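Here are three short exercises to work through with the model open beside you. Try each task before you read its solution.

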Amino acid sequence: MTETMTHTDTVPLRLLIDGAWIEGTGKDLESTSPTDPGQVVAAGGTATVDDVRTAMAAARAAAADWAATPMAERGAYLARAAGIVTANAEAWGTELAREEGKTVAEGRGEVLRAAQILSYYSAESDRLAGEVFSSPRRGEKILVTRKPLGVVGVITPFNFPIAIPAWKIAPALVFGNTVVWKPASAVPLLAMRLAQALVEAGLPDGVLNLVIGSGALGNEIVNHPELDGLTFTGSTGVGRKLAAAAAGAGVPIQAEMGGKNASVVLEDADLELAVEQVLFGAFRSTGQKCTATSRLILQEGIADAFLARLRERLGQWKTGDPTDPSVHMGPVVSASAAEEIRAGIATSIAQGAGIAFEGDVSGLGDAFVAPTVLEVPDAVNDAWREEFFGPVLAVRRVATTEEAFALANDSEYGLSCALFTQDLSKALAAMESIDVGILHVNSESAGADPHVPFGGAKKSGYGPKEQGGAAKEFFTHTTTVYLRGA
Ligand code: UN1
């Protein structure tokens with residue numbers, strides 16, 4: 001083990017219910033580092049279904065007061081929390097790298113991003129404006145006002161253990177909702193850190209509740225009669241089940257699910273820039289982003305040159321302990337995830353894919369997957385269709401721009417796409433014809449700013465989009481007021 005892996009303190013896990021940090025009485029959970037499962041990052045008892053019920057009751061009890069708190073005051077808690085998160089970026093970024101496996105630079109960046117999201121929403125009261133319509137009747141105005149949903153369930157994935165929770169919890173709170181949050185059980189420590197920042201910022205009891213544990217807790221949240229809304233990011237399979245349950249209960253849901261995002265490199269592209277951005281899009285965070293590039297569409301004339309340069313860059317790409325600052329890529333989240341990804345690569349090869357590049361992870365732990373580039377012969381190949389959620393890139397070649405755009409659209413998903421071209425008319429054509437929620441022109445497929453909408457087209461998302469002005473569409477409901485003097 002390297003020098004940087006000496007942080008071996010195990011943090012005790014606690015749940016946050018009604019303002020108190022309590023020990024869970026459910027099954028024990030050990031949050032281990034995927035780099036070295038011998039390192040226990042955090043450990044403790046998980047929440048029981050009864051804890052979820054207590055948390056829901058606490059969130060309900062706190063809801064009326066919180067909704068009546070002026071939005072500017074609600075925002076002030078977020079601003080204070082943003083300061084606390086920023087002050088801890090170094091320490092929590094390192095914990096993130098240990099617990100989740102992304103590099104320490106990305107971990108620190110993610111913690112700062114969570115702070116940026118909290119700051120953005122802290123000022124929402126300065127931006128939120130209502131609507132006043134004219135009335136066809138004398139002496140009347142028609143107003144549209146917004147109210148919080150009430151008690152919101154938040155279910156978050158492992159891959160952005162603090163940023164995704166922040167981008168759900170910050171708008172939920174500033175728009176006046178109370179929250180019961182279940183993070184992925186692979187990353188409970190970072191969940192505690194965000195909750196800790198909000199508690200230290202003075203958030204009133206019961207406004208945010210954190211329950212750590214298995215998927216059964218999520219089922220309890222979605223089926224709970226006090227639930228007024230549910231926001232989820234994670235796998236398509238779980239998202240669809242939650243959406244079905246929420247629809248059955250008449251509860252609004254926002255679900256951010258899979259992606260199979262393409263990067264399209266046209267013949268006129270700046271190749272050096274395109275290679276660099278595809279490298280980042282496909283392999284940063286070990287490919288574990290719903291916005292990661294997992295399909296690469298190359299126009300014939302530049303395909304060989306592009307792949308040669310990509311191989312060269314990947315040859316310099318260091319895989320290893322993510323807390324070592326010289327490392328570019330860490331493990332995936334667990335050994336079992338790694339095994340599934342390796343099986344997916346094997347199937348793709350058996351289906352006719354050729355290996356354009358395969359990195360070396362020998363001597364590293366079971367959760368390491370070699371960065372892999374596969375040239376796939378057709379659209380039925382698993383590496384072209386299935387979201388592997390790992391460092392695997394499937395490549396196809398095309399003759400024309402039209403064919404490239406058609407292939408970019410050849411997926412049930414439509415989250416993001418990156419187009420590399422210097423031809424403005426091709427960029428404009430892509431805006432019309434590529435069916436995605438997020439289009440990057442000359443930058444990698446991942447990345448999201450807090451002040452603009454985030455979410456996918458087609459099967460990538462369900463319900464209103466997240467972030468920016470879009471967040472209020474989910475976290476509030478409107479009342480149309482016909483207002484006349486008596
Ligand atoms: C990013 O591209 O930086 O689960 C954020 C995910 C997305 C967030 C992507 N909801 O990967």
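**Exercise 1: The surroundings of Ala427**

Ala427 lies in helix H15, which covers residues 424-433. Keep in mind that this is a predicted model.

Task: Work out whether Ala427 is buried or exposed, and which residues it is in contact with beyond its neighbours within four places in sequence.

Solution. Start with accessibility: the relative accessible area of Ala427 is 10%. Buried means under 20%, so Ala427 is buried. Next, set aside the neighbours within four places in sequence; Ala427 then contacts Leu419, Thr421 and Val441. Finally, look along the chain to His440, 13 residues away, where the C-alpha to C-alpha separation from Ala427 is 9.6 Å.

**Exercise 2: Two helices side by side**

Task: Describe how the axes of H2 (residues 71-87) and H4 (residues 104-122) cross.

Solution. First, the axes come within 8 Å, and their crossing angle is roughly 160 degrees. Angles over 145 degrees count as roughly antiparallel, so H2 and H4 are roughly antiparallel. The crossing of H2 and H4 is also left-handed. Now list the contact: H2 contributes residues including Gly75, Leu78 and Val85, while among those from H4 are Val111, Leu118 and Tyr121. Sorted by class, this contact has 11 nonpolar, 4 polar and no charged residues.

**Exercise 3: Cysteines**

Task: Find out how many disulfides the structure has, and where the closest cysteine sulfur to that of Cys417 lies.

Solution. Searching the whole structure gives 0 disulfides. For Cys417, the closest cysteine sulfur belongs to Cys290 and is 15 Å away, so it is too far for a bond. Cys417 is buried at 2% relative accessible area, and Cys290 is buried at 11%.

How values were computed: Residues numbered from 1 in each chain as written. Predicted model: local features only at pLDDT ≥ 70, side-chain atom pairs only at ≥ 80, totals over all residues. Heavy atoms only, no water. Disulfide = S-S within 2.5 Å. Buried < 20%, exposed > 50% of the residue type's maximum accessible area, 1.4 Å probe, protein only. Axes fitted to C-alpha atoms, helices over the stretch in contact; angles between N-to-C directions. Helix = DSSP H or I, 4+ residues; strand = E, 2+ residues; numbered from the N terminus. Parallel < 35°, antiparallel > 145°, perpendicular 65-115°, else oblique. Left-handed = near helix turned anticlockwise from the far one by under 90°. Contact = heavy atoms within 4.5 Å. Nonpolar A, V, L, I, M, F, W, Y, C, P; charged D, E, K, R; others polar.
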